[in-house]
Amino acid sequence: MADIQTLKEESRVFPPPADMMKHAAISGMEAYQALCDEAERDYEGFWARLARENLSWQTPFTKTLDESDAPFYKWFSDGKLNVSYNCLDRNLDNGNADKTAIIFEADGGEVTRLTYRELHGRVCQFANGLKSLGIRKGDRVVIYMPMSVEGVVAMQACARIGATHSVVFGGFSAKSLQERIVDAGAVAVITADEQVRGGKHLPLKAIVDDAFALGGCDAVRNVVVYQRTSGKINWQQGRDLWMHELAASQPSACEPEWVDAEHPLFILYTSGSTGTPKGVQHSSGGYLLWAMLTMKWTFDVKPSDVFWCTADIGWVTGHSYIAYGPLAAGCTEVVFEGVPTYPDAGRFWDMIARHKVSIFYTAPTAIRSLIKAADANPAVHPDRYDLSSLRLLGSVGEPINPEAWMWYYKNIGHEKCPIVDTFWQTETGGHMITPLPGATPMVPGSCTLPLPGIMAAIVDETGQDLPNGQGGILVVKRPWPSMIRTIWNDPARFRKSYFPEELGGKTYLAGDGAIRNKDTGYFTITGRIDDVLNVSGHRMGTMEIESALVAHPMVAEAAVVGKPDETTGESICAFVVLKRPRPEGDEARQIAKELRDWVGKEIGPIAKPKELRFGDNLPKTRSGKIMRRLLRVLAKGEEITQDISTLENPAILEQLKHAI
Ligand code: WTA
């Protein structure tokens with residue numbers, strides 16, 4: 001939180017476009033304030049009204065919020081519904097049957113379109129296929145798939161039969177996958193033969209096989225394989241099945257399984273500051289309500305919109321704003337298999353032009369890398385493309401620096417599109433703090449104000465409210481429908497991580513620091529206050545990476561810190577002590593490479609440290625505690641000005657100053 005004090009006040013203000021003001025779902029700040037007031041006045045009534053208006057219930061709920069077992073809050077708990085019914089069947093009934101649900105663009109550029117009727121048929125057939133394997137309500141299914149129509153179908157099919165899915169990002173290693181399969185107790189894994197990204201074929205099924213070889217996946221009865229490339233794979237008779245064969249003979253209707261609103265729709269593993277990744281468990285009713293409502297409020301989605309969220313279904317953004325929200329809102333969405341830089345760095349802009357995308361939602365990292373690319377090569381500059389279809393832009397996953405915001409605003413939005421800088425987390429299920437496109441005056445780098453009903457605040461370590469202008473800890477004071485329900489298999493950790501006793505046990509601790517502007521009350525997120533790094537919008541625990549490093553036979557000790565990075569926001573810097581003498585020169589470079597690859601294998605390529613430094617020891621206090629704040633300073637390449645009188649071994653700092 002050191003940066004809070006040095007944070008520059010951004011004074012540029014951009015009002016929402018007049019036209020958007022006129023037609024937006026929440027039009028003008030008075031309308032926003034009226035909703036906030038309604039929530040203040042009658043919190044439960046506010047959410048009950050929205051849940052009734054926005055979702056189709058098979059059994060209407062009579063209880064809105066149950067706080068009897070706080071912080072294990074329950075929402076709409078005696079109501080029953082089905083998420084897939086709300087996303088698909090409802091659109092068949094309300095005139096969207098022949099509307100395009102998904103425009104899928106493959107890595108190589110092939111485009112496939114599916115209407116809501118077709119998507120519904122595909123989901124029903126596959127749901128029936130899963131049922132034929134004996135998969136039932138409450139069973140866990142791990143999905144390890146590329147960006148594809150089939151990935152969305154797999155998630156929706158699980159929702160349809162009440163199976164709880166756990167999507168694992170396709171970039172995770174066999175070991176990470178195995179840990180998640182075991183922790184979730186999955187009965188099936190859905191994968192693909194290979195994935196295709198940037199023209200390269202990457203194995204998925206082979207990694208699933210490797211995960212099984214690590215042991216412990218005994219609950220898994222079947223591996224269902226989507227045939228993406230027809231690349232060569234190993235096949236285990238009896239266990240492995242082709243997705244298309246499983247679905248082919250099935251009827252294209254499947255009665256949805258009506259589940260309680262609290263039924264776990266999915267588990268999504270995410271990094272925390274300690275230990276192994278946590279299985280964030282989400283509900284069905286409350287989660288879907290917020291995924292859908294934020295489509296309307298934050299993205300102001302209209303029937304004619306073409307919505308494109310560039311996230312991967314392996315992350316929460318891909319859950320809420322690809323697999324569920326856009327479909328529940330009945331819009332047309334783009335699903336993209338590839339990467340922003342293939343065949344060249346104009347890919348996003350070219351796709352926006354070709355598909356007439358009107359709402360575009362991406363991460364600051366992507367924007368920053370595309371700025372660089374456009375500067376280096378005028379042929380991929382966005383001004384070469386027709387971006388006139390755009391009317392709204394979004395940002396997610398990490399702080400967007402004002403320079404990147406301005407570039408996005410000018411070069412992509414042509415100063416006509418509002419930018420919604422959406423702050424939220426895997427745990428929150430959907431947006432929490434964000435401008436509203438037809439109401440909130442925007443300030444670059446600020447996520448502005450909480451959505452109506454979200455009681456965000458800034459407090460000190462004891463839970464006391466802090467005045468505007470004073471940085472502190474970001475909390476949410478009241479439960480909200482799409483919040484995390486528990487950590488799968490670990491309710492005690494849920495309580496400890498998110499509802500600590502120090503804050504009274506009922507206040508949600510986000511894990512981020514924030515500050516509110518003195519005059520406007522606008523929020524600016526100042527970064528994680530725990531040992532979680534955010535690299536290119538991907539969350540990673542420093543402990544996880546350290547554990548991976550020390551698992552290498554050569555490593556005695558390791559400490560990992562984040563370092564500011566122009567493109568990726570933060571990058572990983574690892575300080576390593578080997579069991580043998582400290583290497584130098586070529587040897588150091590070679591060992592560093594080996595350790596990097598090792599981390600790639602242990603966790604996944606996204607966790608590879610960008611930088612490695614070797615020392616005879618790490619800076620420690622006399623009691624043996626690693627002084628991470630010093631490591632952070634060293635990583636940045638800055639001079640140490642802090643008090644190092646408690647440091648046991650000051651000489652070590654000189655060694656650790658230099659990258660190899
Ligand atoms: C960070 C991604 C600043 C934050 C949806 C949070 C942001 C973590 C923003 C959650 C934003 C996300 N501005 N920081 N607009 N959005 N973050 O779980 O540190 O992958 O705690 O969810 O990303 O990452 P997660």
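Me: Ala, Val, Leu, Ile, Met, Phe, Trp, Tyr, Cys and Pro count as nonpolar, Asp, Glu, Lys and Arg as charged, and the others, Gly among them, as polar. What does the shell around the ligand have by class?

Reply: Six nonpolar, six polar and five charged residues. This is a predicted model, where local features need pLDDT of at least 70 and side-chain atom pairs count only at pLDDT 80 or more, while totals for chains, interfaces and linings use all residues. Residues are numbered from 1 along each chain as its sequence is written, and side-chain values use heavy atoms, with hydrogens and water left out.

Me: Which residues are closest to the ligand?

Reply: Asp421, Thr426, Asp512, Arg528 and Arg539, out of 17 that surround the ligand. A residue is near a molecule or strand if one of its heavy atoms lies within 4 Å of it.

Me: Which elements supply at least two residues of that shell each?

Reply: α12 (316–328), β20 (419–422) and β25 (523–528). Helices (H or I, at least four residues) and strands (E, at least two) are DSSP runs, numbered from the N terminus.

Me: How far is a ligand oxygen from an N or O atom in the side chain of Asp512?

Reply: 2.4 Å. For the side chains of Arg528 and Arg539, the distance from a ligand oxygen to an N or O atom is 2.8 Å. The protein covers 95% of the 530 Å² of accessible area that the ligand has on its own (Shrake-Rupley method, 1.4 Å probe).

Me: Other topic. Where are the cis peptide bonds at Pro71 and Pro343?

Reply: One joins Ala70 and Pro71, with omega about 5 degrees. Another joins Tyr342 and Pro343, with omega about 0 degrees. Pro71 lies in the loop between β1 (65–66) and β2 (74–75), and Pro343 in the loop between β17 (332–336) and α13.

Me: Is Pro71 buried or exposed?

Reply: Buried, because its relative accessibility is 1%. Buried means under 20% relative accessible area, exposed over 50%, partly exposed in between (1.4 Å probe, protein chains only).

Me: What is Pro71 in contact with?

Reply: Leaving aside neighbours within four places in sequence, Phe494, Arg495, Phe499 and Gly505; contact means heavy atoms within 4.5 Å. Pro71 and Gly505 are 434 residues apart in sequence, yet 7.1 Å apart C-alpha to C-alpha.

Me: And Ser230, what is its phi?

Reply: Near 65 degrees, a positive value in a residue other than glycine. Ser230 sits in the loop between β11 (222–226) and β12 (240–242) and counts as exposed, because its relative accessibility is 53%.

Methods
Polar contact = N/O pair within 3.5 Å; in protein donor to acceptor, adjacent residues only side chain to side chain.
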